[in-house]
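Please work through the exercises below with the sequence and the model at hand. Each task is followed by a solution in steps.

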Amino acid sequence: MIASLLPKIPLYWSFYKFGFPKLLPFSIVVSVSFRCNSRCRTCDVWRKPNDDLTLDEWTRVFQHIGKPIYLTFTGGEPFLRKDLPEMVIAAYEHCRPEYITIPTNGILTDRVRDGVAKICATARTSKIGINLSLDGIGAEHDDLRGIPGNWERAMQTWRALNELKREYTNLVLSIHTVISKFNIARFREIYAQLQPLAPDSYITEVAEERVELDTVGKNITPLAREYAPIADFLSERAHAHATPARARSVARITQSFRARYYQLAKRMLFEQRQIIPCFAGWASGHIAPNGDVWSCCIRAEPIGNLRETNYDLRPLWFEQIGTLRKVRYSIAAGECACPMANASYANMLLHPPTLWQVALELLTRRV
Ligand code: SF4
Ligand code: SF4
């Protein structure tokens, strides 16, 4: 990913600073529906009304979003859409992203397994990352997710996905934990009990108050002083995972970025400001289920709707119509800040000091 992005880094900087050259985002999140079969304590997205783009409409969108390196299909629960595999395959046909990521609560075991198999079999040149959401262990997870039996179903799904790994080498299985006020006190035990599942990657994110999820004012985010020791623990674990035997491997680069992400999130919670410049609205963007375009899901501020542009992102992204200019001004002025992982990783990839630190760490094998 870094190799294909490197030549574009100065261009994105110029776009951010001077408004040219105009570039489409290299990281795009697509929310396929707000519908969800979980009732998480950290999310009210399932209460939102639905007006989802059809498969045909999404196909037309994918014809006009350029060649993002990273494409994420989220929700709601993405697999509630029966046509999710066709949607992902349409995106693959038109965009050829290097990475396709899909989070899931793992409740619909058969549908997830069959859908992932279909996607992996077709999108052969993309890495297909499936992130299983696990916020606790057993009954604790069910309580946080509001669905009795969710943990058992998620474990069935995990086993089914691991079976698929034997056949599909492009499948990458991750476990994702949202760290909130409700589980932070037990986080280390949760972490320890999840590791035997042996994911390819273990990811955490701080529960944020997002306009997208209708969680503004819900008081779900841990305090900075609660999160700080967890961030240090996770950074230390990320470094430990990057053993010298994995030197210069993709895994080691990823872990190095991950260790830095936790420290960024920690500082952001303490200082309540953008620690490094945010490129959401330039290099990363989000498309809502109804075609609204956002800079990010935290602000979830529609800059326009793709149904009004014949499903073409460019008039909105290049400020020919819509309100992105105003939103960009606000972001560049630092009027918002958050530790949201998707945007943060894109930001780190465009932040020369971070790139330099990661490169230095790899060269000196300082872990
Ligand atoms: S966090 Fe995910 S699984 Fe939980 S209600 Fe929201 S969309 Fe559904
Ligand atoms: S700092 Fe956070 S809220 Fe502000 S634009 Fe970036 S991702 Fe969105």
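The exercises concern the fold, the sheet, the cores, a helix, the ligand shells and the backbone.

This is a predicted model, in which local features need pLDDT of at least 70, side-chain atom pairs count only at pLDDT 80 or more, and totals for chains, interfaces and linings use all residues. Residues are numbered from 1 along each chain as its sequence is written, and chains are lettered from A and ligands numbered from 1 in the order in which they are written.

**Exercise 1. Describe the overall fold of the protein chain.**

Solution. Begin with the secondary structure: the protein chain has 14 helices and eight strands. Helices (H or I, at least four residues) and strands (E, at least two) are DSSP runs, numbered from the N terminus. Next, consider compactness: the radius of gyration is 19 Å, close to the 21 Å that the globule rule gives for 367 residues, so the chain is as compact as a globular protein of that length. The radius is taken over C-alpha atoms, and the rule is 2.2 Å times the number of residues to the power 0.38. Finally, 45% of the 367 residues count as buried; that is, 20 or more other C-beta atoms, placed from the backbone, lie within 10 Å of their own, whereas exposed residues have 12 or fewer and partly exposed ones fall in between.

**Exercise 2. Establish the strand order of the sheet and examine the pairing of β2 with β3.**

Solution. The eight strands form an open, mixed sheet in the order β6-β5-β4-β3-β2-β1-β7-β8. Its edge strands, β6 (201-206) and β8 (293-294), each pair on one side only; pairing requires at least two bridges found by DSSP. Strands β2 (residues 70-74) and β3 (residues 99-104) are joined in the parallel sense over three bridges. Within this pair, Leu-71 has Ile-100 as its bridge partner, and Tyr-70 stands opposite Tyr-99. Five of the six residues of β3 are buried.

**Exercise 3. Identify the nonpolar cores.**

Solution. A nonpolar core is a set of buried Ala, Val, Leu, Ile, Met, Phe, Trp, Tyr and Cys residues joined through C-beta atoms within 7 Å. The largest has 90 residues, and Val-88, Val-116, Ile-128, Ile-130, Ala-265 and Phe-279 touch the most other members. Helix α10 (residues 250-271) contributes the largest share, eight residues. Another core, of eight residues, lies apart from it and includes Cys-36, Trp-46, Leu-144 and Leu-213.

**Exercise 4. Is helix α13 largely enclosed or open?**

Solution. Seven of the nine residues of α13 (residues 341-349) are buried, so the helix is largely enclosed by the rest of the structure. Among the buried residues are Asn-342, Ala-346 and Leu-349. Their packing partners include α1 (2-5), α10 and α14 (352-364), where contact means C-beta atoms, placed from the backbone, within 7 Å.

**Exercise 5. Characterise the two ligand shells.**

Solution. A residue is near a molecule if its C-beta atom, placed from the backbone, lies within 6 Å of it. The surroundings of ligand 1 include Cys-36, Cys-40, Cys-43 and Trp-46; this shell divides into five nonpolar, five polar and one charged residue. Around ligand 2 there are 13 residues, of which Cys-278, Cys-296, Ile-298, Cys-336 and Cys-338 come nearest. That shell has 10 nonpolar, two polar and one charged residue. Ala, Val, Leu, Ile, Met, Phe, Trp, Tyr, Cys and Pro count as nonpolar, Asp, Glu, Lys and Arg as charged, and the others, Gly among them, as polar.

**Exercise 6. Locate the cis peptide bonds from Phe-20 to Pro-21 and from Gly-75 to Gly-76.**

Solution. The bond from Phe-20 to Pro-21 has omega near -10°, and Pro-21 lies in the loop between α2 (9-18) and β1. For the bond from Gly-75 to Gly-76, omega is near 15°; Gly-76 belongs to the loop between β2 and α4 (84-95).

Terms used:
Two residues are in contact if their C-beta atoms, placed from the backbone, lie within 7 Å.
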